[in-house]
Structure formats: structure tokens, C-alpha cells
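Please open the structure in your viewer and keep the selection panel at hand. The tour below goes from one selection to the next and says what is there at each stop.

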Amino acid sequence: MHLDPYVESVLIFTGINVVMAISLYLPVSAGLLSLGQGGFMAIGAFASAYLTTALATPFAPALLAGGALAGLVGLLVGFPALRIKGIYLIILTMGFGEIVRVLFLNLEPTGGASGLSGIAPHTTLPVVAAAAGLALAFCWQLRDSRIGWALNAVREDELAAETVGINLTRTKLSVFSLGAFIAGIGGGLYAHFTMFIDPAQFGFQRSAEIFIMVLLGGMGNFLGAALGAVVFTLLPELLRGLQDWRMTFFGTALVVMMIVRPWGLIGARR
Amino acid sequence: MSGEPLLEGRALHKVFGGYSAIVDVSIAVRRGSIHALIGPNGAGKTTLFNVITGVLPPTRGAVLVKGEDVTGARPDRITRLGVVRTFQSVRLFSSMTAHENVRVGRHCRSRGGFASALLRVPFRASAAEAAAHKRADELLAQVGLQGKQNVRAGDLALADQRRLEIARALASDPELLLLDEPVAGMTPVEVQESGRLLRALRDRGITILLTEHHMSLVMEISDTVSVLNFGCKIAEGTPAEVRSNRQVLEAYLGTGEVV
């Protein structure tokens with residue numbers, strides 16, 4: 001089967017964005033809003049790309065190592081982040097994203113500002129489909145599980161959650177770190193598709209895009225987050241006919257959406 | 001009844017800035033009793049609850065559950081030890097249904113994290129999940145919420161919300177239930193029903209410590225009454241003893257002298 005290269009690349013970006021949206025959806029499901037997923041994505045991207053280019057590591061272990069490193073950093077960032085909530089956590093994670101960008105800007109082994117190039121194109125459509133499918137399957141399994149309910153409880157009322165015996169620290173840290181891990185995997189997939197990465201690709205703009213996908217789709221439902229990622233990736237492509245007015249139209253659509261359906265495309269009205 | 005108390009507070013102090021909310025309060029809750037904590041508004045009842053359940057650490061003093069020192073332990077640990085509370089201002093997971101609230105209440109008596117969630121059989125409840133389902137139904141019926149399983153907690157009437165909070169607390173199989181004003185805002189009929197429920201729970205072996213302003217209920221169901229005023233314990237005894245205590249009367253009604 002031969003897919004048109006343009007269609008294939010759009011589908012791959014869609015899959016990567018679904019992975020990124022899930023990486024944010026998970027912490028959001030416990031009430032942890034992050035505007036720093038781009039930072040975790042960068043860690044996964046640079047770590048895995050460095051492994052496959054400089055050290056000739058096979059793709060799968062490199063991808064997992066990138067995710068694991070991002071997850072570990074998520075654990076470290078999570079500790080101070082646990083004490084704060086809402087808008088303050090958003091600002092903290094924003095600051096974290098900037099720190100990561102500036103770090104890679106100055107890190108020589110990964111090429112500094114000029115980035116890493118010559119990355120092998122390991123990310124094929126089946127690989128992305130498998131990763132996105134796994135992320136979605138995980139969320140599906142989580143939905144009615146003990147830990148899934150604990151996450152909901154923490155989002156709804158932290159004190160009441162503690163009162164029913166939920167360990168707040170452990171629950172919040174693990175879901176934040178898990179989100180970071182998945183963002184790192186998304187970054188690794190991205191790096192091995194674009195074949196060139198530089199720190200500028202993972203700045204605030206990237207984090208904000210991921211945030212918008214989840215907001216667009218609906219924060220209360222992982223299918224919503226995934227649908228948000230799909231719409232966010234496909235709509236600008238479908239609007240190419242509008243040429244220069246494309247992003248204007250897209251922005252307007254977002255504004256209208258937030259007025260008409262503030263709870264997202266899918267997801268319960270709260 | 002003899003033996004060590006189920007819950008013991010030893011010389012508890014809690015200071016907020018320069019204000020002492022509770023001063024040198026010692027309290028021992030006997031297993032199998034209904035123990036009431038009364039006192040005028042601001043006497044420190046809720047602060048004492050918060051200190052006992054780990055929501056706030058005491059400034060000084062110690063909290064013991066079944067002889068084990070749990071001073072300053074986190075609330076989830078206290079819950080696992082079998083001491084669960086409700087809140088004066090009702091804290092439910094309001095966008096979940098009544099049934100879901102009770103199932104979450106079972107959290108500390110069940111097992112499983114992210115890994116086991118991943119390995120679940122899709123579209124089928126495990127034996128443990130099915131049992132938790134059934135238990136939640138039973139508990140809802142026990143507090144009188146049968147037929148309201150699928151109502152969102154936030155949409156329930158206040159009296160039902162208080163009942164649901166008790167059901168959620170019962171889901172963790174507590175030995176001691178701490179109820180912070182369980183009948184506040186209820187009609188006289190609902191108060192009577194709640195009184196019967198609390199007695200039934202005690203008869204099933206659950207010890208209860210409650211704060212309440214509804215005096216006739218307190219005097220009717222309590223085995224022991226402790227009275228707080230301005231953060232100090234001023235009296236303790238059976239309902240009859242407390243009712244005739246001069247200091248208690250003064251705390252509630254003021255002194256007989258004309259100022």
C-alpha cells in the first residue's frame with residue numbers, strides 16, 4: 001500500500017500529537033495543569049536522538065530511555081510542584097519548560113542552538129499508531145480502575161481524597177511523572193520523524209499547543225483530549241485553501257468553541 | 001469496659017499565630033461508645049478533629065490510635081488505621097455519583113496502581129471490583145440512600161449529602177468514625193433518623209466521636225460527653241452529669257450576675 005507522503009506525514013503528526021495530548025491529559029485528570037509538556041518532549045527528543053546518532057543505540061531502547069529520563073525529571077519537578085495548584089502550577093511548569101529550552105540551547109553534545117541533525121527516520125506510521133494506541137488503551141484501562149478513581153478524587157477535593165485514604169503525594173507524583181514519560185516518548189517519536197531537532201521547536205509555543213489540544217477536546221475525558229489533538233492537527237491542513245487567512249480562521253474557531261462549548265468537544269459539562 | 005482507649009489525645013495544644021485554638025486538651029474515646037464533643041461556636045471542636053485526623057499537626061501533645069503514636073501523621077495513614085472523619089461543610093466528590101463516592105471510599109481497603117490498571121481485563125469487573133460494587137450498594141442502603149446510587153453527589157439534598165459522607169467513610173471499614181456536626185441543617189425528622197443510624201452503627205461495633213450543637217440528640221445517644229470552651233476542656237461525663245455541671249451552664253448561658 002502506498003500512501004501519499006503528504007497524507008502520511010499529516011497522519012504521523014496527528015499520532016504524535018495524540019501522544020502529547022495524553023501526556024497532558026493524565027496529570028490534568030488529577031487536577032495538575034501543566035504548560036511545560038514541551039520541556040519533557042524536548043528531553044525525550046534530545047536524549048533518544050543523541051542515543052541513536054552519537055551512540056548508535058537501536059531505536060526502541062533509545063525511545064524508552066528518552067521517555068524514562070523525561071519521567072525521572074518529571075518526578076524531580078513534581079516534588080516542589082505538588083505543593084502548589086492551579087494557576088501557580090501552570091507558571092511553575094512554564095518556567096520549567098523555559099529552563100529545559102535554555103539548557104539545550106547551551107548543551108554542546110546535542111548541538112546547542114544549531115540542534116541535532118541526521119537523525120534516522122525510524123518513526124513510521126505503524127510505530128506512531130502503536131504508540132498512540134497504547135497510550136489510549138492505557139487511559140481506557142485506567143478509566144474504571146482503583147487508581148483512575150483516585151485521580152478523579154484528587155482532582156475533585158484533595159482533603160476529602162486524603163480522608164478516604166489516598167496518598168496524595170504518591171498519587172500526584174506518579175501521574176505527573178507518567179505524563180512526563182509519555183511526553184518524552186512523544187518527543188522521541190517526533191525527533192525520529194523530522195530528522196532534525198533544535199531547542200526552538202520545544203519552546204512555550206509547543207507547550208501551549210499541547211494545552212490547547214486538551215482544552216479543545218475536553219479535559220474530563222481522554223477521548224476528548226485525543227480528538228482535540230486530531231482536530232488541532234487536521235483542521236489547519238484542511239484549511240490550506242484559505243491560504244493567508246488559515247490561522248486567523250483557526251484562531252476564530254477556537255474562540256467560538258470556547259464560547260459555545262467551554263467544556264470541550266467531548267466531555268461532561270461541569 | 002476496660003482496656004486501652006481506641007483513640008487518645010494527650011495534652012493537645014494548637015496555636016494559630018498568637019491564638020490558642022485548643023489548650024491542653026486530653027481526651028480518651030472508649031471502644032464501642034458514642035462520645036460527643038460539645039461547646040459553643042469557636043470552642044475548638046473542629047480544630048481538635050483536624051488535629052486528631054492529621055489535617056493539622058498539633059503544636060504540642062500526642063495523638064494515639066490503638067496505643068500507636070500517630071501525632072502529625074498524614075490523614076491517609078490515620079484512615080488506614082481505621083479512623084475516618086466527615087466534615088462540617090460536607091466534602092464529597094461532587095461530580096461523581098453517590099455510588100462512585102462510596103467506591104472511592106473503599107480505596108484504602110483495596111489494592112492496585114497503574115500497572116494493575118494496565119493489566120485489567122477490559123469490559124469486565126474483577127471479583128474484587130464486583131465485591132466493591134455490592135458493598136457500595138449495601139452501604140448506601142444502610143444510610144438510607146437506596147435508589148439514589150446514580151445521582152451526582154453535588155445534586156443531592158444536604159441531608160442526603162451528609163448521609164452519603166457517612167456511607168463513604170463506612171466504606172473504609174472504620175473502627176472509629178469522627179462526625180463533625182452530622183445533623184447540622186437537618187429537619188427534626190431527619191435528625192431522628194440520623195440518631196437511629198448512629199446508634200445502629202455503634203451496636204455494630206463502630207465507635208463514634210461526634211461534635212454537635214443539637215443538644216437533645218447529643219443527650220439522647222451519647223455515652224460520654226466532653227465539653228470544650230475557649231479551647232479548654234471544662235467538663236466530661238455522662239449526659240446527666242454534664243447537664244447539671246455549673247461550668248457548662250455558664251459556658252452556654254452566661255453567669256447569673258447582672259453586669
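Begin by selecting E8(B), which stands opposite A28(B) in strand 2 of chain B. Before going further, note that this is a predicted model, in which local features need pLDDT of at least 70, side-chain atom pairs count only at pLDDT 80 or more, and totals for chains, interfaces and linings use all residues. Residues are numbered from 1 along each chain as its sequence is written, while chains are lettered from A and ligands numbered from 1 in the order in which they are written.

**The four-stranded sheet of chain B**

Helices (H or I, at least four residues) and strands (E, at least two) are DSSP runs, numbered from the N terminus. Select strand 1 (residues 7-16) of chain B together with strand 2 of chain B, and you will have a pair that runs in the antiparallel sense over seven bridges; two strands pair if DSSP finds at least two bridges between them. These strands belong to an open sheet of four strands in chain B, with the order 2-1-4-5 and antiparallel pairing. At its edges are strand 2 (19-29) and strand 5 (68-69) of chain B, each of which pairs on one side only.

Now add helix 1 (residues 45-52) of chain B, which lies across strand 1, strand 2 and strand 4 (60-65) of chain B and runs at about 115° to strand 1 of chain B. Here axes are lines fitted to C-alpha atoms, for helices over the stretch in contact, and angles run from 0 to 180 degrees between N-to-C directions. Two residues are in contact if their C-beta atoms, placed from the backbone, lie within 7 Å.

**The six-stranded sheet of chain B**

Keep helix 1 of chain B selected, since helix 1 also lies across strand 3 (34-38), strand 6, strand 7, strand 8 and strand 9 (224-229) of chain B, running at about 145° to strand 7 of chain B. The open sheet to show next has six strands in the order 6-7-8-3-9-10 (chain B), with mixed pairing. Strand 6 and strand 10 (232-237) of chain B stand at the edges with a single partner strand each, so one side of each is left without a neighbour in the sheet. From one strand to the next, the twist averages 15°.

Within this sheet, select strand 7 (residues 176-180) of chain B, where five of the five residues are buried, so that the strand is largely enclosed by the rest of the structure. A residue is buried if 20 or more other C-beta atoms lie within 10 Å of its own, exposed if 12 or fewer, and partly exposed in between, with C-beta atoms placed from the backbone. One side of strand 7 of chain B carries L176(B), L178(B) and D180(B), and the other carries L177(B) and L179(B).

Strand 7 of chain B pairs in the parallel sense with strand 6 (residues 83-85) of chain B over three bridges, and also in the parallel sense with strand 8 (residues 207-211) of chain B over five bridges. Centre the view on L178(B) to see R85(B) opposite this residue, and L209(B) of strand 8 of chain B opposite L178(B) as well.

Move next to T207(B), which is in strand 8 of chain B and is the bridge partner of L176(B). T207(B) is buried, with 24 other C-beta atoms within 10 Å. Leaving aside neighbours within four places in sequence, T207(B) is in contact with residues including L6(B), V29(B) and E175(B). Then show helix 7 (residues 188-203) of chain B, which lies across strand 3, strand 7 and strand 8 of chain B, at about 150° to strand 8 of chain B.

**Helices of chain A**

In chain A, select helix 6 (residues 146-156), where ten of the eleven residues are buried, so this helix is largely enclosed by the rest of the structure. Its buried residues, among them W149(A) and E156(A), pack against helix 1 (5-29), helix 5 (125-143), helix 7 (158-163) and helix 8 (168-194) of chain A, together with helix 3 (98-105) and helix 4 (114-118) of chain B.

Finish with helix 8 of chain A, in which 23 of 27 residues are buried, and which is followed by M195(A), whose phi is positive, near 65°.
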